[in-house]
Amino acid sequence: MSTMDSALQARLARVHERISAAARAAGRDPASIRLLAVSKTFDSDHVLAAHRAGQRAFGENYVQEGVDKIARLRELAPAPALEWHFIGPLQSNKTRPIAEHFDWVQSVDRLRIAQRLSEQRPPHLPPLNLLLQVNISGEATKSGVPEQDTAALAAAAASLPNVRLRGLMAIPAPAVGLDAQRAPLSALRRLFESLRERHALDTLSMGMSDDLEAAILEGATMVRIGSAIFGARTRSAAENA
Ligand SMILES: *Cc1c(COP(=O)(O)O)cnc(C)c1O
């Protein structure tokens, strides 16, 4: 086994332990929490190593980097069965490659984007799974639909033909300590509960490397973990833009 494989396998195992421990503390079944491995800035060899360690779902933030990685991995024979989630900022002139290549989009924050993704989803593919990104900390600069506009956006997105609304996602402002971390996650959970039955939602995506315990205590069904699996990122977002 290569050094990359064994290091990655050890970090992935540690993340699974953290998820299980947090689930036990919350009285939840660890199997009710999905792990999304955030592979942004890491190349396809890292994705393959994570795949060899049993990981199936991967998250990408940058359109071109994500599409290139997806294409490279599909060229391999036999191609690994991977599930790809787009989790980065969305521009309406860049939705087509996302609709054509990804399985999920977690960062939908306005109707125009959801409409374009629905229109551009190729007919031979299953519906694109959507999460609405909510600006739960109310920060003026962050993307995400304002909390008070989420119900209307959910209703509109749920009526589109080639997408399937699955739930909500948020990236709260960084906070230190479990209680401070839990407050915005708890607000997202309440919003999710208020919409869940009406739209048959099943996915609450919250929790990253530093706050996955708080997110699982607050009911996350999917955690998005990057650095705790792949190690520290050396390339910045700006270099990928
Ligand atoms: C980068 C990123 C993550 C993963 O962050 P880590 O702190 O490395 O776990 C999760 N979600 C989104 C939307 C991201 O951009």
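In this predicted model, Arg233 reaches the ligand through its side chain: a polar atom there sits 2.8 Å from an oxygen atom of the ligand. Lys40 does something along the same lines, with a polar side-chain atom 2.7 Å from a ligand oxygen atom. Ser227 joins in through its backbone, where an N or O atom lies 2.8 Å from an oxygen atom of the ligand. Arg233, Lys40 and Ser227 belong to a longer list of residues around the ligand. Also on that list are Val38, Asn61, Ile87, Ile171, Met208 and Ser209, along with Arg224, Ile225 and Gly226.

Now for the way the helices pack. Two packed helices can be described by the angle between their axes and by how far apart those axes are. Helix H1 covers residues 3-25 and helix H2 covers residues 44-52; their axes come within 9 Å and cross at roughly 60 degrees. That angle falls outside the ranges for roughly parallel (under 35 degrees) and roughly perpendicular (65 to 115), so H1 and H2 count as oblique to each other. The crossing is right-handed. On the H1 side, the contact is made by Met4, Asp5, Leu8 and Leu12, and H2 brings Asp45, His46, Ala49, Ala50 and Arg52. Sorted by type, the residues of this contact are five nonpolar, one polar and three charged.

H2 also packs against helix H3, which spans residues 63-75, and here the axes come within 10 Å and cross at roughly 60 degrees. H2 and H3 are therefore oblique to each other, and their crossing is right-handed. What makes the contact is Ser44, Val47 and Leu48 from H2, facing Lys69, Arg72 and Leu73 from H3. The residues of this contact split into three nonpolar, one polar and two charged.

Further along the chain come helix H6 (residues 150-158) and helix H7 (residues 178-199), whose axes come within 11 Å and cross at roughly 25 degrees. Since angles under 35 degrees count as roughly parallel, H6 and H7 are therefore described as roughly parallel to each other. The crossing of H6 and H7 is right-handed. H6 supplies Thr150 plus a run of alanines, namely Ala151, Ala154, Ala155 and Ala158, while H7 offers Leu191, Leu195 and His199. Six residues of the H6 and H7 contact are nonpolar and two are polar, with no charged ones.

Notes. Residues are numbered from 1 along each chain as its sequence is written. This is a predicted model: local features need pLDDT of at least 70, side-chain atom pairs count only at pLDDT 80 or more; totals for chains, interfaces and linings use all residues. Side-chain values use heavy atoms; hydrogens and water are left out. Axes are lines fitted to C-alpha atoms, for helices over the stretch in contact, and angles run from 0 to 180 degrees between N-to-C directions. Helices (H or I, at least four residues) and strands (E, at least two) are DSSP runs, numbered from the N terminus. Angles under 35 degrees count as roughly parallel, over 145 as roughly antiparallel, 65 to 115 as roughly perpendicular and the rest as oblique. A crossing is left-handed if the near helix is turned anticlockwise from the far one by less than a right angle, and right-handed if clockwise. Contact means heavy atoms within 4.5 Å. Ala, Val, Leu, Ile, Met, Phe, Trp, Tyr, Cys and Pro count as nonpolar, Asp, Glu, Lys and Arg as charged, and the others, Gly among them, as polar. A residue is near a molecule or strand if one of its heavy atoms lies within 4 Å of it. A polar contact is a pair of N or O atoms within 3.5 Å; within protein, one must be able to donate a hydrogen and the other to accept it, and residues adjacent in sequence count only if both atoms are side-chain atoms.
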